[in-house]
Amino acid sequence: MSGGRRGTNILIALVGNGFAPLASIATAPILAHSLGVDGRGETAAVLAPLLLATALGAFGIPAAVTWAVARYPVLAPSTTRRGALLALVTGALSAAAVVLSAPYFAADDGPLAALIALAALAVVPTLLVSVLQATAAGLHRWRAVAVERALTAAFRLAALGVCAGTGLLDVRGAVVILAVSPCIGALAYLRVLRRTSGAAGSAQTQDPPRTRTLVAFGSRVWFGSVSGVLLTRLDQALMSPLSGAAELGLYVVAVTVAEIPLVISNAVRDVSFAADAADADDGRMLTASRLSSATTLVLCAVLAATAWWWLPVVFGTAFAAALPACLVLLAATAVGGQGALAGVTLSARGAPGRRSLSLAGAAVVNTALLVLLVPDLGAVGAALGTLVGCWISSSANVLQVWQKHGIRPWSFYGLRSADLHVLRAVVVRRRARGA
């Protein structure tokens, strides 16, 4: 893939990734003002098991589909079908596990446990959409991915806004809207499906990636994906039993703010994974890593410096107490961004197990800190656990890339003049096309 096309894809992915955090920023005040601290915490307590179940049920299949499609584009139809079938089976098992464990996550609150079981119904359709998204990513159809994320964000914002405006928004309604919204984006992939099915005839002379190949790659990715979700989402699942819904309500607001800078690193990560799987290039990867981590760091610093002012204005004075956790989580985002592309490089070049080990070690430490700190420190304790975990996973990824591919750790840090030249060239090219 040429540098110009890759830069364009990153910009498109950046726009697509921007919809989710922007929608969160727009909907978070709606949820905060309509539900209050306790209601917002209960909503998060219901959705946290859904997020865990989605990560468990994915079994790394979406990443495996992207990897396989990027390498063998003409085999996209058969790869997508195999991935969807696997996601259907693993998603159903994962959803069943959530239903059975609902009383624990709800701290034996009967109505809350019923809502957790209801939300689990969204696991399978959400995973099927993720397989479609993986196919589009492998084919470098980033416009379709951006449209999918726009549809999801628009539905979420419109539905919550209408319900709040009519006074009908409660915890149950918020849960249903937030659980269903990821499935709406499937409409964006209808054209991709039509085009890939039309190309299926030309693929008959090639052997499609076997199911066991997808499972083998996916299982190595899955171990890391689950560890990553445990690192970033287990805190929300455990906080209600450990410290109550009110602390969880504060923490969710802090997480929403801290995820804003991830728009950039996630866009670069998604495009780089598909590009590096098809054509590994150390220089290209390092430039992307340094630019994305530097931009993430700047955004985190700006948000941290101004949060004292706009946090209570946007979310309400009751959420001003979320500021300490917000600052710690912004530091975690900045620290984690330094090694994000190192982990992507390990996965794209056939060693996802190494990245998984980095995330697993971080998840173990994070879980221990959650149990130790959350009962006394609440949201701040959970944020501190995430900060330490992000530092461990980021550093371990960088060290493993050094060991596996001989890329020196300091190559991931700071900025080079060549990086700025690349960035300027992309901007100039985009302006020329728009003129």
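The secondary structure of this protein, seen here in a predicted model, comes to 17 helices and zero strands. Of the 435 residues in the protein, buried ones make up 53%, and the surface that the protein exposes amounts to about 17900 Å², of which carbon and sulfur atoms supply 67%. When the contacts with a separation of 6 or more are considered, 85% of them are accounted for by residues 24 or more positions apart.

Among the helices, H5 offers a convenient place to begin, spanning residues 123-138 and thus containing 16 residues. From its first C-alpha to its last, H5 reaches 23 Å, which is close to the 22 Å expected at 1.5 Å a residue. Of the 16 residues of H5, 13 are buried, so this helix is largely enclosed by the rest of the structure. Just after H5 comes His-140, whose phi is positive, at about 65 degrees.

A second helix to follow is H16, which covers residues 379-405 and includes Cys-390. With a relative accessible area of 11%, Cys-390 falls under the 20% limit and is therefore buried. The C-alpha atom of Cys-390 is separated by 6.9 Å from that of Ala-362, although these two residues stand 28 residues apart along the chain.

Cysteines also raise the matter of covalent cross-links, and here a search of the whole structure finds zero disulfides. Cys-300, for instance, is in no disulfide, and the nearest cysteine sulfur, which belongs to Cys-326, is 9.6 Å away; because a disulfide requires the two sulfur atoms to lie within 2.5 Å, that distance does not qualify. Cys-300 is itself buried, with a relative accessible area of 3%.

The aromatic residues can be examined in a similar way, and a search of the whole structure finds one aromatic pair. This pair consists of Tyr-104 and Phe-105, whose ring centres are 5.6 Å apart and whose planes stand at 65 degrees, so the arrangement is edge-to-face. The assignment rests on two cut-offs, because ring centres must lie within 6.5 Å to pair and planes must be over 60 degrees apart to count as edge-to-face. Of the two partners, Phe-105 can also be placed with respect to the solvent-accessible surface: its relative accessible area is 14%, and it is therefore buried.

Notes. Residues are numbered from 1 along each chain as its sequence is written. This is a predicted model: local features need pLDDT of at least 70, side-chain atom pairs count only at pLDDT 80 or more; totals for chains, interfaces and linings use all residues. Side-chain values use heavy atoms; hydrogens and water are left out. Rings of Phe, Tyr and Trp (its six-membered ring) pair if their centres lie within 6.5 Å; planes under 30 degrees apart count as stacked, over 60 as edge-to-face and the rest as tilted. Buried means under 20% relative accessible area, exposed over 50%, partly exposed in between (1.4 Å probe, protein chains only). Helices (H or I, at least four residues) and strands (E, at least two) are DSSP runs, numbered from the N terminus. The expected span of a helix is 1.5 Å times one less than its number of residues. Contact means heavy atoms within 4.5 Å. Accessible areas come from the Shrake-Rupley method with a 1.4 Å probe; for residues, only the protein chains shown count as cover.
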